[in-house]
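Thank you all for coming; I would like to use these few minutes to walk through one model with you, taking a handful of places in turn. Please have the structure open, so that you can find each place while I talk.

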Amino acid sequence: MEVLIVEDDPLHRSYLHDAVRAALPECDLVLEAENGRVGEGLARQHRSAHIVMDLQMSERNGIEAARTIWKERPDTRILFWSNYADEAYVRGVSRIVPEGAAYGYVLKSASDDRLKLALRSIFMEAQCVIDREVRGMQQKSLGHVNGFTDVEYEILIDIALGLTDRMIARRHNLSLRSVQNRLQQLYEKLNVYQRVGEDVEEGRYNLRGRAVAVALLRKLINYSALERAEAELNEWLGVKQN
């Protein structure tokens with residue numbers, strides 16, 4: 001049995017190495033990668049089936065690396081080990097997990113025992129292990145009242161990228177009216193809609209810009225999510241132009 005650790009912090013890599021050795025005496029080899037790009041290469045070279053992956057890395061983040069790895073080998077078991085339970089990361093991971101895959105999402109603040117349990121549960125028993133805080137964020141993000149539907153969230157990303165209503169409608173095969181209705185729902189859920197009597201004539205905010213600002217402050221979107229969305233947009237535009 002081999003385990004690949006993908007983590008850009010040397011101290012965290014060392015800690016994970018010791019944790020893997022302690023939790024998995026069956027492990028014959030522990031491989032280490034200092035970023036997602038190197039991790040992809042090692043996973044491909046060694047056909048790694050068991051991976052511990054950080055999410056935020058400077059060279060290539062964990063979501064992008066995991067997506068590439070899962071695309072090539074959907075049965076790979078990945079434990080995401082991160083400081084963050086932001087909705088942007090939670091949604092990012094949820095979007096790329098293959099159906100039926102065994103994976104985990106454990107925060108770095110979790111105890112040693114919790115991490116070791118997750119390692120054995122995912123890698124040895126093919127169980128999914130999600131920290132309670134992350135699970136709560138998943139449930140919230142799937143809600144239709146306090147959270148966002150997938151389409152609403154995609155439209156939020158689109159306005160952060162600067163797309164017009166017409167381009168959003170074209171991209172998601174929606175009518176212009178449907179896009180505008182969903183934008184209104186977004187504004188309400190983000191509490192940025194214009195209240196009656198509140199500087200209506202002067203127009204206190206540009207609602208699109210305010211929605212993006214609030215989403216960033218609430219950690220609904222982040223740099224990684226926008227970077228990934230920009231790449232997907234450019235790919236879509238390229239297909240449309242050909």
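Let me begin with R91, which lies over the face of Y153, with 4.3 Å to the ring centre. Before going further I should say that this is a predicted model. Y153 belongs to helix α7, which covers residues 150–160, and Y153 is among the buried residues of that helix, together with E152, I155, L156, I157, D158 and I159. In an α-helix there are 3.6 residues a turn, so residues three or four places apart point the same way. After α7 comes G162, and this glycine has a positive phi, near 95°.

From that ring I would like to turn to the aromatic pairs, of which a search of the whole structure finds four. A pair of aromatic rings is described by the distance of the centres and the angle of the planes. W70 and Y103 make an edge-to-face pair, with 6.4 Å from centre to centre and 90° between the planes. This pair links distant parts of the chain, since W70 is in helix α3 whereas Y103 is in strand β5 (residues 103–107), and the two are 33 residues apart. Both W70 and Y103 are buried. Y84 and Y89, by contrast, form a stacked pair, with 5.4 Å between the centres and 25° between the planes. Are these two tyrosines buried or exposed? Y84 is partly exposed, because its relative accessible area of 29% is not under the 20% that counts as buried, while Y89 is buried, with a relative accessible area of 5%. Ring pairs also link W70, F80 and Y103 into a cluster.

Staying with helix α3, which spans residues 62–72, we find E64 there as well. Why does E64 count as buried? E64 counts as buried because its relative accessible area is 12%, and buried means under 20%. Leaving aside residues up to four places away in sequence, E64 touches E40 and R228. The C-alpha atom of E64 is also separated by 9.0 Å from that of I96, although these two residues are 32 residues apart along the chain.

Next, please look at how two helices meet. The axes of helix α1 (residues 10–23) and helix α5 (residues 112–123) come within 9 Å and cross at roughly 60°, and the crossing of α1 and α5 is right-handed. On the α1 side the contact involves Y15, L16, A19, V20, A22 and A23, and these meet D112, L115, K116, L119 and R120 in α5. By character, the residues of this contact divide into eight nonpolar, no polar and three charged.

Finally, I would like to point out two loop residues. A126, in the loop between α5 and β6 (129–130), has a positive phi of about 55° although A126 is not a glycine. N173, found in the loop between α8 (165–172) and α9 (176–189), likewise is not a glycine and has a positive phi of about 55°. How accessible are A126 and N173? A126 is partly exposed, with a relative accessible area of 37%, whereas N173 counts as exposed, because its relative accessibility of 72% is over 50%.

Terms used
Residues are numbered from 1 along each chain as its sequence is written. This is a predicted model: local features need pLDDT of at least 70, side-chain atom pairs count only at pLDDT 80 or more; totals for chains, interfaces and linings use all residues. Side-chain values use heavy atoms; hydrogens and water are left out. Buried means under 20% relative accessible area, exposed over 50%, partly exposed in between (1.4 Å probe, protein chains only). Helices (H or I, at least four residues) and strands (E, at least two) are DSSP runs, numbered from the N terminus. Axes are lines fitted to C-alpha atoms, for helices over the stretch in contact, and angles run from 0 to 180 degrees between N-to-C directions. A crossing is left-handed if the near helix is turned anticlockwise from the far one by less than a right angle, and right-handed if clockwise. Contact means heavy atoms within 4.5 Å. Ala, Val, Leu, Ile, Met, Phe, Trp, Tyr, Cys and Pro count as nonpolar, Asp, Glu, Lys and Arg as charged, and the others, Gly among them, as polar. Rings of Phe, Tyr and Trp (its six-membered ring) pair if their centres lie within 6.5 Å; planes under 30 degrees apart count as stacked, over 60 as edge-to-face and the rest as tilted. A charge sits over a ring if NZ of Lys or CZ of Arg is within 6 Å of the ring centre and within 35 degrees of the ring normal.
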